[in-house]
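Colleague: I have a model with a ligand in it. Can you show me how to read the ligand site?

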Amino acid sequence: MKYEIKKFHDGQVTAKIAETGDIHIKIRGNSYEDLFRAAAIKEAWDATNATHKTAVAKLSIFCLIGQRSDRRFNKGESFDLKVICKFINDMKFDAVSILHPHSAISLALIENSEKISHVTYVEKAYNQIGNPVLVSPDAGAYKTTHEIAEKLNADLVPSNKVRVDGAPEISIQGDVKGKECLIVDDLADGGRTFKFLAEALKKQGATKVFLYVTHGQFNYGFDELKEFIDHIYCTNSYKDIDDDFVTQFKLEGL
Ligand SMILES: O=P(O)(O)OC[C@H]1O[C@H](OP(=O)(O)OP(=O)(O)O)[C@H](O)[C@@H]1O
């Protein structure tokens, strides 16, 4: 470790660089404090490397806070992802990698950014289940899941979701009768999207329904989800989960 982080009683974070040279900071990035930690480390690193111009600083963010707020939802409201990305740009990293961002807007707003693909984790779930049909829950997930289906040589059933008064309405565009399905998406907040989709898939004859999300928040627990979902796969980008219902793929550095 090339740095130390300390926190004062009032919540202030402070960093100390232990060695000069290249640095690669890996954070969840799912809280403002995480971003401030990275900023403190980078500030100390810049000062330490002021005469070492060839050293490289990289930042990996595994679960970018505000990634869903990729537009100004209503007139008069703040565009939160823009504020967050401005803060990240101010740190001036040479490269910023973002694991499975919700949309391409994060990558467009962050300078020197690139995406870390989630294909490895989907592939692990796909192999553990034994070649299920992939299901993309909405238009946003279709493009990336289509790319993954091509790579894995898997069947893909697209589905569409529109929210009516906050509740998702589902239409499935393919035959899932007698098949095992793996829903693939970026994040689960409460997970209602997937509960409704799993119910619809089972009504159409799917034998088992599994869920893969990269960022597993599951803010309301698993009880409701267990009704129609057989098992969940996710990474620990957002938090560590200890539950038999969930298989978590641990990210290096967390
Ligand atoms: O766990 P849940 O509460 O069901 O939410 C999960 C869904 O919400 C997100 O999409 P979102 O509706 O934000 O996508 P949008 O960009 O189309 O608004 C995410 O990509 C999932 O599809």
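Modeller: We go through the ligand site and then one loop residue, bearing in mind that this is a predicted model.

Colleague: Where does the ligand sit with respect to the domains, and why there?

Modeller: Look at which domains supply the shell. Domain 1 (3–116) and domain 2 (118–249) both contribute residues to the shell around the ligand, so the ligand lies between them. The space the ligand takes is the largest pocket. Elements giving two or more residues to that shell are β8 (156–164), β10 (180–188) and α6 (192–203).

Colleague: Which element gives the largest share of the shell?

Modeller: That is β10, with four residues.

Colleague: How many residues of the shell are nonpolar, polar and charged?

Modeller: Sort the shell by residue class. Three are nonpolar, four are polar and nine are charged. Of the 16 residues around the ligand, those that come nearest are Asp185, Asp186, Asp189, Gly191 and Thr193.

Colleague: Which backbone atoms should I look at around the ligand oxygens?

Modeller: Look for N or O pairs within 3.5 Å. A polar backbone atom of Gly191 is 2.6 Å from a ligand oxygen. For Gly190, a backbone N or O atom lies 3.2 Å from an oxygen atom of the ligand, and for Arg192 the corresponding distance is 3.3 Å. As for cover, the ligand taken alone exposes 510 Å², and the protein buries 80% of that.

Colleague: And the loop residue, Asp175: where does it lie?

Modeller: Asp175 is in the loop between β9 (167–172) and β10. Its side chain reaches the backbone nitrogen of Lys177 at 3.1 Å.

Colleague: What separates the C-alpha atoms of Asp175 and Gly205?

Modeller: Compare sequence separation with distance in space. Asp175 and Gly205 are 30 residues apart along the chain, and their C-alpha atoms are 8.7 Å apart.

Conventions
Residues numbered from 1 in each chain as written. Predicted model: local features only at pLDDT ≥ 70, side-chain atom pairs only at ≥ 80, totals over all residues. Heavy atoms only, no water. Near = heavy atom within 4 Å. Polar contact = N/O pair within 3.5 Å; in protein donor to acceptor, adjacent residues only side chain to side chain. Areas by Shrake-Rupley, 256 points an atom, 1.4 Å probe, with all protein chains shown as cover. 1 Å grid on protein atoms, 1.4 Å probe; cavity = no way out; pocket = protein on both sides within 12 Å on 5 of 7 lines; lining within 4 Å. Sits in = over half its atoms within 2 Å of the grid points. Nonpolar A, V, L, I, M, F, W, Y, C, P; charged D, E, K, R; others polar. Domains from an automatic or database assignment.
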